[in-house]
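Biologist: I should be grateful for a close look at one position in this protein, followed outward into the parts of the fold around it. Please keep the account connected, so that I can trace it on the structure as I read.

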Amino acid sequence: MASTAKKAILLVNLGSPDSTSVPDVRKYLAEFLMDGRVLDSNPIVRTMVVYLAILPKRPKESAHAYETIWWPEGSPLKVISARVQKLLKEKTELPVGLAMRYQNPSIEAGITELLKENPQLEEIILVPLYPQYAMSTTETVMEKAQEVLKKLKSNVKLNVIPPFYNNAEYIAAMVESAKDFLKEYDHVLFSYHGIPERHVLKTDPTGNHCLQSVECCNIPSPAHEYCYRHQCFEVTKSFVKAAGIPEGKYTNSFQSRLGRTPWLKPYTDFVLKELPQKGVKKLLVLCPAFVSDCLETLEEIAIRGKEDFLEAGGEEFTFIPCMNEHPAWIEALKNLCEAQAEEKSFTTFRLPNDSLKV
């Protein structure tokens, strides 16, 4: 029976290949890397780089990496996201859809299904499942959703949940999900997904704040609304305060860099090799850029990162899982969505300078 709901939620995560086969991985990487908000170079240059430099070799390497973390049910990221959708449906009266920015289920499929099941739909609460803002995450999800609605000739409005890096319930949920690991350790590493420095500069609406000084992230500025680096650091500050982690016992780093241009520093793989030389033998690692475990957490950090740390002289390496389906996170997510839906006047998160050209 068709629903009479006028508002619905659409959760959007990054996505992954449909399988670990090389063709499926190549298809996924092609869609991901050809996004102008991921590789923001000239379209001709981007096409040459992706199809001539990356796709001939990278899919085979990535397919092997996916094989090491693949679950019987499929991609961990997609399986966890579907479980989150199911649990959220049980907690809210709003219809809940699910989509991936890349591959399946696509954003078009997610929106189409919501429209089909809810003929009276007027508003979609769009939830990019990224705590921090970046043009390669939040922004590309927003742009794709708008593009899909235009293609479908739908008058449904998008009400986008802002990055929730500073939401108290989100921080509390992350601390709650990690608390059993926060017992014996020498150091805690907060490893965030990296982005190119140029992305930070492009999303600075002031044009003269981000990366202009060592302390730019601690100096109040309108740029912080869109500054990925600042928002990562704020998550760490809030987490260590709530969890009681002492100063000097934690470090921020950035992982998953691609190419030769400067990315946010320090680089996680470098830090993992340096910490044992500084006396760190028992290390805990969190990845707060992700709410769901995926290739970047399960393979890059929990497998390869562990190997780097132990080979450099570390003795104990503990990866703390993402929040995944933790009840505190589901409750926080429900409250985020319902608070956005209950706004008295229609509001939505907007891009810096309305829209960025790439």
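Modeller: S75 belongs to the loop between α3 and α4, in what is a predicted model. S75 counts as buried because its relative accessibility is 6%, under the 20% limit that applies here. Setting aside residues up to four places away in sequence, S75 touches S16, P17 and W70.

The two helices that flank this loop lead to separate parts of the fold. Consider first the sheet. Four strands form an open sheet in the order β2-β1-β3-β4, with parallel pairing. Its edges are β2 (96-100) and β4 (157-160), each of which pairs on one side only. From one strand to the next, the twist averages 30°. Within the sheet, β1 (residues 7-13) and β3 (residues 123-128) are joined by 6 bridges in the parallel sense, and L10 stands opposite L126 in β3. Helix α4 (residues 76-89) packs on this sheet and touches β1 and β2, its direction making about 165° with that of β2. Helix α13 (residues 327-341) lies across β1, β3 and β4 and runs at about 140° to β3.

Strand β2 leads on to another loop residue. P105 lies in the loop between β2 and α5 (107-117). Which residues does P105 contact, leaving aside its neighbours within four places in sequence? They are L98, A99 and M100. P105 and V12 are 93 residues apart along the chain, and their C-alpha atoms are separated by 9.6 Å. P105 counts as partly exposed because its relative accessibility is 31%, whereas S75 counts as buried.

Helix α6 has many covered residues. Its buried residues include M135, T138, V141, M142, A145, V148 and L149. The cover over the buried residues of α6 includes β1, α5, β3, β4 and α8 (197-202). Just after α6, K153 adopts a positive phi of about 55°.

The other helix beside the loop of S75, α3, leads to the largest pocket. This pocket has a volume of about 1,200 Å³. It is lined by 47 residues, and those closest to its centre are R58, H193, S256, E296 and E300. Among the elements that each supply at least two residues of this lining are α1 (22-33), α3 (58-69), α6 (135-151), β6 (250-255) and α12 (300-311). By class, the lining of the largest pocket comprises 25 nonpolar, 13 polar and 9 charged residues.

The second largest pocket holds about 320 Å³ of space. Of its 14 lining residues, L39, V49, L258, G259 and R260 are the closest to its centre. Helix α2 (residues 43-54) gives the most to this lining, with 3 residues. The lining of the second largest pocket has 8 nonpolar, 3 polar and 3 charged residues.

Strand β6, one of the elements lining the largest pocket, also opens the way to a further set of strands. β5 and β6 pair in the parallel sense over 6 bridges. β5 also pairs with β7 (residues 282-286), again in the parallel sense, over 4 bridges. V188 has a partner on each of these strands: it stands opposite L284 in β7, and its bridge partner in β6 is Y250. Strand β5 (residues 187-193) is mostly covered, with 6 of its 7 residues buried.

A last loop residue can be followed from here. L275 is found in the loop between α10 and β7. L275 is buried because its relative accessible area is 5%, under the 20% limit. Residues up to four places away in sequence not being counted, L275 touches H187, V280, L283 and F309. L275 and H187 are 88 residues apart in sequence, yet 8.7 Å apart in space from C-alpha to C-alpha.

To return to the starting point, S75 is a buried residue in the loop between α3 and α4. Of these two helices, α4 packs on the sheet, while α3 supplies at least two residues of the lining of the largest pocket.

Definitions and conventions. Residues numbered from 1 in each chain as written. Predicted model: local features only at pLDDT ≥ 70, side-chain atom pairs only at ≥ 80, totals over all residues. Heavy atoms only, no water. Pairing = 2+ DSSP bridges. Axes fitted to C-alpha atoms, helices over the stretch in contact; angles between N-to-C directions. Contact = heavy atoms within 4.5 Å. 1 Å grid on protein atoms, 1.4 Å probe; cavity = no way out; pocket = protein on both sides within 12 Å on 5 of 7 lines; lining within 4 Å. Points joined across faces, edges and corners; volume = space filled by probe spheres on them. Nonpolar A, V, L, I, M, F, W, Y, C, P; charged D, E, K, R; others polar. Buried < 20%, exposed > 50% of the residue type's maximum accessible area, 1.4 Å probe, protein only.
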